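Colleague: Please take a close look at a single helix in this model. I would like to know how its sides are set, what covers it and what it lines, and then how the rest of the chain fits around that picture.

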Amino acid sequence: MIYNADTVIEKARFLCESANTLDVPVIVTEQYPKAFGPTVPEIKSTLKSDNTIYEKKLFSMLTEEVESKLNNLNKDQVILCGIEAHVCVMQTALDLLDKGKEVFLVCDGISSQRSHDRAVALEALRTAGA
């Protein structure tokens, strides 16, 4: 149901593998997996054994658990990919910007069900400082 889903999955897989090679931490969240399903196998298979997948019921992935993990990592820059661009990715990016993080959007690793929603979200986030 996601616009350009194969490209988004491939880019997220590539980012996870690259992060592993470069020893960059990876944080993964799932939006209420009981309703929407789990992380796709192509991405899940790239995660290290000590990676936690955080379940969330908020639009933002910046839950208390994730924020604590991010604070412990002491990183000022965050690279984002995922779905839905105009809801979860947007709210996460705005929350991270509000916390003073530098946010980088991997545009071909971000999408929504409709291409228009994706385009509007990416432009809004660029304008907001991502």
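Modeller: Asp6, Thr21 and Leu22 are exposed, and they lie on one side of α1. On the other side of that helix, Val8, Ala12, Cys16 and Ala19 are buried. These four cover an arc of only 70° around the axis, and therefore sit on the same side of α1. The spacing follows from helix geometry: with 3.6 residues a turn, residues three or four places apart point the same way. Keep in mind throughout that this is a predicted model.

Helix α1 runs over residues 5-22, 18 residues in all. From its first C-alpha to its last it reaches 26 Å, close to the 26 Å expected at 1.5 Å a residue. The cover over its buried residues includes α3 (41-44), β3 and β4.

Both ends of α1 are worth a look. Asn4 is in the segment before α1. Its phi is near 55°, a positive value in a residue other than glycine. With a relative accessible area of 44%, Asn4 is partly exposed. At the far end, α1 is followed by Asp23, which belongs to the loop between α1 and β1. Asp23 is not a glycine either, yet has a positive phi of about 55°. Its relative accessible area is 61%, over the 50% cut-off, so Asp23 counts as exposed.

A residue from much further along the chain meets this end of the helix. Lys48, in the loop between α3 and β2 (53-56), touches Asn20 and Asp23, not counting residues up to four places away in sequence. Lys48 and Asn20 are 28 residues apart in sequence, but 7.6 Å apart in space, C-alpha to C-alpha. Lys48 is partly exposed, at 33% relative accessibility.

Now to what α1 lines. The largest pocket has a volume of about 1,600 Å³. It is lined by 48 residues, and those closest to its centre are Val28, Thr29, Cys81, Gly82 and Ile83. Which element gives the most to this lining? It is α1, with nine residues. At least two residues each come from α1, β1 (28-31), α4, β3 and α5.

Next, the nonpolar packing. The largest nonpolar core has 18 residues, of which Leu80, Leu96 and Leu105 touch the most other members. Two or more of its residues come from each of α4 (64-73), β3 (77-83), α5 (85-98), β4 (102-111) and α6 (115-128). The largest share, five residues, is from α5. Apart from this core lies another, of seven residues, including Ala12, Val28, Ile43 and Leu47. Ala12 is one of the buried residues of α1, and Val28 is among the residues closest to the centre of the largest pocket.

Within the largest core, Leu96 can serve as an example. Leaving aside neighbours within four places in sequence, Leu96 contacts Leu62, Leu70, Val78, Leu80, Lys101 and Val103.

For a second helix to set beside α1, take α6. It has 14 residues and reaches 20 Å from its first C-alpha to its last, close to the 20 Å expected at 1.5 Å a residue. Its buried residues are Asp117, Arg118, Ala121, Leu122 and Leu125. They cover an arc of only 125° around the axis, which puts them on the same side of α6. The exposed residues His116, Arg126 and Thr127 are on the face turned away from that buried side. Among the elements covering the buried residues of α6 are α5 and β4. Just after α6 comes Gly129, with a positive phi of about 115°.

Two loop residues complete this region. Ser112 is in the loop between β4 and α6 and is buried, with a relative accessible area of 0%. Leaving aside neighbours within four places in sequence, the contacts of Ser112 are Ile2, Tyr3, Glu84, Ala85, His86, Asp117 and Arg118. Glu84, one of those contacts, is in the loop between β3 and α5. The peptide bond from Ile83 to Glu84 is cis, with omega near -25°.

How values were computed:
Residues are numbered from 1 along each chain as its sequence is written. This is a predicted model: local features need pLDDT of at least 70, side-chain atom pairs count only at pLDDT 80 or more; totals for chains, interfaces and linings use all residues. Side-chain values use heavy atoms; hydrogens and water are left out. A nonpolar core is a set of buried Ala, Val, Leu, Ile, Met, Phe, Trp, Tyr and Cys residues joined through side-chain atoms within 4.5 Å. Buried means under 20% relative accessible area, exposed over 50%, partly exposed in between (1.4 Å probe, protein chains only). Contact means heavy atoms within 4.5 Å. The expected span of a helix is 1.5 Å times one less than its number of residues. The arc is that of the directions from the helix axis to the C-beta atoms. On a 1 Å grid over the protein atoms alone, a cavity is a set of points where a 1.4 Å probe fits but cannot get out, and a pocket is an open set with protein on both sides within 12 Å along at least five of seven lines; lining residues have an atom within 4 Å of a point. Grid points are joined across faces, edges and corners, and a volume is the space filled by probe spheres set on the points.
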